[in-house]
Amino acid sequence: MRGVEAALLVWAEVEKGAFASEKLRAVTADVARTERTLATTLVYEALRRKSLWEHLLEKLARRPLAELGKDERAALLLGTAGLCSLRTFAPAVLVSALVSEMKRRKGHGAANFVNAVLRGAVETAPVLMEDLKSSATLKEFALFRGIPQWAASLWEREIGGAQAKRLIRLLAMKNFASLRLASEGERPAYLEELRYHGIHAWPSPLLPFGVRTASTLHPPTLPGFAAGRVSLQSESAMLVGGVVASFWEARRGILDMCAGRGGKTALLAQLLPEARIEAWELSPGKARAHEREMRRLGFSERVRLFYGDALLLEPQEPPGMVLLDAPCTGSGTWGRHPEGKWRLSERHVSLCAELQKELLSKAVRIVAPGGLVVYVTCSLFREENEQVVADVLSRFRNVVDMPFAGGKLFQKGRPWGAALWPLLPWIDGFYVCVLKKRE
């Protein structure tokens, strides 16, 4: 399968609600490495600035995109993104590949239309983009960098125009993969293995078991992945896990209240080999992925996973620590998971915040006296972060905010917790707040 064909297949699934990373792994599992790279690049470039490409195509196609068939619309979005973003791929080759695929799928009429619009984009799109890039208005600043208008406006209200622009610029940065090794002592040897396989990598200066790369990676193809020697994880998630581990006290159990696919559960199991860990997960699909991850890493005997709603489940024993990595808008990870931002509106922020208040209140109620609740989101909206903490602190007088030393990348929240901005290609945006329940 060619890269362009794979990109179109993945795009169709993403339009139905699938995650790009999961579908790319599935569709390109048996695709040549160069074609897999092309497919991945086209899909992510189209997703990162989808509103920009739609804006340009409305002008270039001279008709509303909603009037086009889904195949033509997909070809135009992927093609425009590729023509305006790729620096090592000849425009004529990309246009030809997309036109050929349209001819195969829809016939000569659709192919000729796609050909005409994309060839016009080669000359016209850069001029239109330059006008947007140099604009001083927040609306066009956000449009050029692929941030929804409602999100830009919300950040402007929460943190001011200058900081909103800084955050938007950071979220537009291209992300690269980082790896977590099962043993920090293996890092020199593992770096050599990666170089042998043609993967440029180097040690993370922030984490003794972390590795940075200058690319995106297909986890199953990594040396030692099946054997549990290495995992794909952002450095920000690893740093947050380090904050949790720094507060753990021996002989006290940990509850991972919304465990997802098990990334942070596994990190805690690695960092705290003596800890008893209980994990809850509502989604059957994520729970199955969690079980697979624990088996792959050899943690199945140490981690007890329970299916169900965190608002209804009760722990097997009062935990000394609760990690609540709460469901959220994921705004801090939009650079890595760009499809999410186009499925949301400002209303979703408030809906997430209401659920977060319920979950955090539940965590405070079930943690043992003297225990800690670590509240985490991968969002950078204050409504999901400081305002949720404020609500819970106002209702639980026996709970206090605990300061922590997360490192120089963390900035103090206003006034509770701390935020991690996506300052580097291996770091996503996170918010962390540690609450202590008095005895």
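The legends below describe close-up views of a predicted model.

**View 1. The largest nonpolar core of the predicted model and the helices that build it.** This core holds 50 residues, of which Val4, Leu8, Leu42, Leu52, Trp53 and Leu76 touch the most other members. Two or more residues each come from helices H1 (3–15), H2 (20–27), H3 (33–48), H4 (50–61), H5 (70–85), H6 (91–106), H7 (108–133) and H8 (138–145), and H7 gives the most, with nine residues. Another core, of 42 residues, lies apart from this one and has Met294, Leu297, Leu372 and Phe430 among its members.

**View 2. The surroundings of Leu76.** Leaving aside residues up to four places away in sequence, Leu76 touches Leu57, Leu68, Phe113, Val114, Val117 and Leu118.

**View 3. The contact of H5 with H6.** The axes of these two helices come within 10 Å and cross at roughly 170 degrees, which makes H5 roughly antiparallel to H6. On the H5 side, Asp71, Glu72, Ala75, Gly79, Gly82 and Leu83 meet Pro91, Leu94, Val95, Leu98, Met102, Arg105 and Lys106 of H6; sorted by class, the contact has seven nonpolar, two polar and four charged residues.

**View 4. Strand E1 (residues 178–181) with its pairing strands E3 and E4.** E1 is covered on both faces, with Ser178 and Arg180 buried on one side and Leu179 and Leu181 buried on the other. With E3 (residues 210–213), E1 pairs in the antiparallel sense over three bridges, and Arg212 in E3 is the bridge partner of Ser178. The pairing of E1 with E4 (residues 230–232) is likewise antiparallel, over three bridges, and here Ser231 in E4 stands opposite Arg180.

Notes: Residues numbered from 1 in each chain as written. Predicted model: local features only at pLDDT ≥ 70, side-chain atom pairs only at ≥ 80, totals over all residues. Heavy atoms only, no water. Core = buried A, V, L, I, M, F, W, Y, C linked by side-chain atoms within 4.5 Å. Buried < 20%, exposed > 50% of the residue type's maximum accessible area, 1.4 Å probe, protein only. Helix = DSSP H or I, 4+ residues; strand = E, 2+ residues; numbered from the N terminus. Contact = heavy atoms within 4.5 Å. Axes fitted to C-alpha atoms, helices over the stretch in contact; angles between N-to-C directions. Parallel < 35°, antiparallel > 145°, perpendicular 65-115°, else oblique. Nonpolar A, V, L, I, M, F, W, Y, C, P; charged D, E, K, R; others polar. Pairing = 2+ DSSP bridges.
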